[in-house]
Amino acid sequence: MANVVVVGAQWGDEGKGKIVDWLSERADVIARFQGGHNAGHTLVIDGTVYKLHALPSGVVRGGKLSVIGNGVVLDPWHLISEIETLRGQGVVITPETLMIAENTPLILPIHGELDRAREAQNSVAKIGTTGRGIGPAYEDKVGRRVVRVADLADAATLELRVDRALIHHDALRRGLGLPPVDRDALISNLRDVADEILQYAAPVWKVMTEARKAGKRILFEGAQGALLDIDFGTYPFVTSSNVIAGQAATGVGLGPGAIDFVLGIVKAYTTRVGEGPFPTELLDDDGQRLGERGHEFGTTTGRKRRCGWFDACLVRQTCATSGVNGISLTKLDVLDGFETLKICVGYDLDGKVLDYLPTAADQQARCKPIYEEMPGWSESTEGARSWAELPANAIKYVRRVEELIDCPVALLSTSPEREDTILVRDPFAD
Ligand code: GDP
Ligand code: IMO
Ligand code: MG
């Protein structure tokens, strides 16, 4: 049985949620393996919109097991409110359908405060984060001072863990001019949510191992995108986790052999939220038009997304670092009506042609995109559900993208609706 990892191949918001939801019909288990509620995954099913942040997109379908793996950082208060919102939309979530790894680190209110205080300091510090405490929570995990799900079960352990974290946080907060943490209130607030969270807690590594042995199909749901990866992204303007496909295994407690197919989600143009380099960014009417047609506003923060032409050079790079076997090309319909389309095929760095984005920030800033032009199409691709419905020039665009990124298309998406999807090659059939 094939297990599939879905990862973003750009700067996030490629349409992962829609594709995970579509693929989840073929899966038994859907697992998040990194990131937190900085993610915003939108699903549209028969006109009803669902927005998932911490929960795997598989919860909406019902009858599947949704898993939050140890690679995630989890805000318990947010999770409870997200579960309530979805229940309000008729989604059934129980300890039988949702499991949270016991070794998952918790995001505490002090992480969000620290995140936002740093962002507010000055322009040198600013990353343009979602302000949800993701970075500080991962720092505490690596710093061996984070509170984890399992710690909620025992009052003495919980106090010990909080005290361990506060030695560091109170020192840091003094430097930032923030008041010391109210220790007792924090412990009491954690105890208030402990039982609610613990009902979903499980040894996820074991559950996943047993699911594999039983021949269950696992769908791993990535958040963010490869260019936000802590190692391979546009550092320091990145998120604080490994986003690329290799993380799927460690993020739930399975070996690398558990991954059979990596599906990269690729938007037919490029967007980015927050600060950082973006070689093909358009600050003109074309950029404006992409943003308007694509409704490019963040699902999590509502911020306007920066827009630009498709960067084949970057996607070739991210397909390599995630070992992508096939892509899902999304939002093709947003390109309808452009007379000419541009695709970045490489960079000019001080007169030298590069076929990858260099690591040094100053060089990234000097990289000028080298464009190839393609004719657009005047017909509508919106809602197309078969190749036959696509105009000839749209097919040419898709084929050229495949050539340039050196990776075949497995799925095509032509609207936010679940069923407006074209299957070219079934990732689970591999
Ligand atoms: P994610 O973070 O990768 O799950 O993506 P988001 O949900 O943040 O952003 C993608 C947006 O594009 C959402 O509003 C989706 O409903 C929408 N979307 C997904 N696929 C398509 C598509 O093929 N065409 C159009 N027009 N919108 C799409
Ligand atoms: P999904 O899963 C787009 C960006 C933020 C910021 C940087 C760091 O919906 O694709 P963080 O809060 O993670 O410390 O912010 O990463 N970012 C995203 N951009 N989509 C996302 O998630 C993102 N999650 C984080 O805007 O630039
Ligand atoms: Mg998103």
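This is a short tutorial conversation about pockets, ligands and backbone oddities in a predicted model.

User: What should I know before I start reading this model?

Analyst: It is a predicted model, where local features need pLDDT of at least 70, side-chain atom pairs count only at pLDDT 80 or more, and totals for chains, interfaces and linings use all residues. Residues are numbered from 1 along each chain as its sequence is written, chains are lettered from A and ligands numbered from 1 in the order in which they are written, and side-chain values use heavy atoms, with hydrogens and water left out.

User: What is the volume of the largest pocket, and which residues lie nearest its centre?

Analyst: General idea to begin with: rolling a probe the size of a water molecule over the atoms shows where empty space is left. On a 1 Å grid over the protein atoms alone, a pocket is an open set of points where a 1.4 Å probe fits, with protein on both sides within 12 Å along at least five of seven lines; lining residues have an atom within 4 Å of a point. Grid points are joined across faces, edges and corners, and the volume is the space filled by probe spheres set on the points. Here, the largest pocket comes to about 780 Å³. It has 40 lining residues, and Ile 127, Thr 129, Thr 130, Val 238 and Thr 239 lie nearest its centre.

User: Which helix gives the most to that lining?

Analyst: Helices (H or I, at least four residues) and strands (E, at least two) are DSSP runs, numbered from the N terminus. In this pocket α4 gives the most, with 5 residues; α3 (109-121) and α4 (134-142) each supply at least two. By class, the lining has 14 nonpolar, 16 polar and 10 charged residues. Nonpolar means Ala, Val, Leu, Ile, Met, Phe, Trp, Tyr, Cys and Pro, charged means Asp, Glu, Lys and Arg, and the others, Gly among them, are polar.

User: Where does the second largest pocket lie?

Analyst: Domain bounds come from an automatic or database domain assignment. Domain 1 (4-102 + 200-261) and domain 3 (266-429) both give residues to its lining, so the second largest pocket lies between them. It holds about 650 Å³ of space, and its 25 lining residues include Thr 42, Arg 305 and Lys 331. The lining splits into 4 nonpolar, 12 polar and 9 charged residues.

User: How many residues are around ligand 2, and how do I read its contacts?

Analyst: A residue counts as near if one of its heavy atoms lies within 4 Å, and a polar contact is a pair of N or O atoms within 3.5 Å. Ligand 2 has 20 residues around it, with Asp 13, Lys 16, His 41, Thr 130 and Thr 239 coming nearest. A backbone N or O atom of Asp 13 sits 2.8 Å from a ligand 2 oxygen, and an N or O atom in the side chain of Thr 239 is 2.6 Å from one. Alone, ligand 2 exposes 550 Å², and the protein buries 97% of that (Shrake-Rupley areas, 1.4 Å probe).

User: And which residues come nearest to ligand 1?

Analyst: Lys 16, Gly 40, Thr 42, Asp 333 and Ser 413, out of 18 around it. The side chain of Thr 42 has an N or O atom 2.7 Å from an oxygen atom of ligand 1. Of the 580 Å² that ligand 1 exposes when taken alone, the protein buries 92%.

User: What are the backbone oddities at Pro 236 and Arg 144?

Analyst: Most residues other than glycine have a negative phi, and most peptide bonds are trans. Tyr 235 and Pro 236 are joined by a cis peptide bond, with omega about 5°. Arg 144, not a glycine, has a positive phi of about 60°, and it is found in the loop between α4 and α5 (155-176).

Conventions
Polar contact = N/O pair within 3.5 Å; in protein donor to acceptor, adjacent residues only side chain to side chain.
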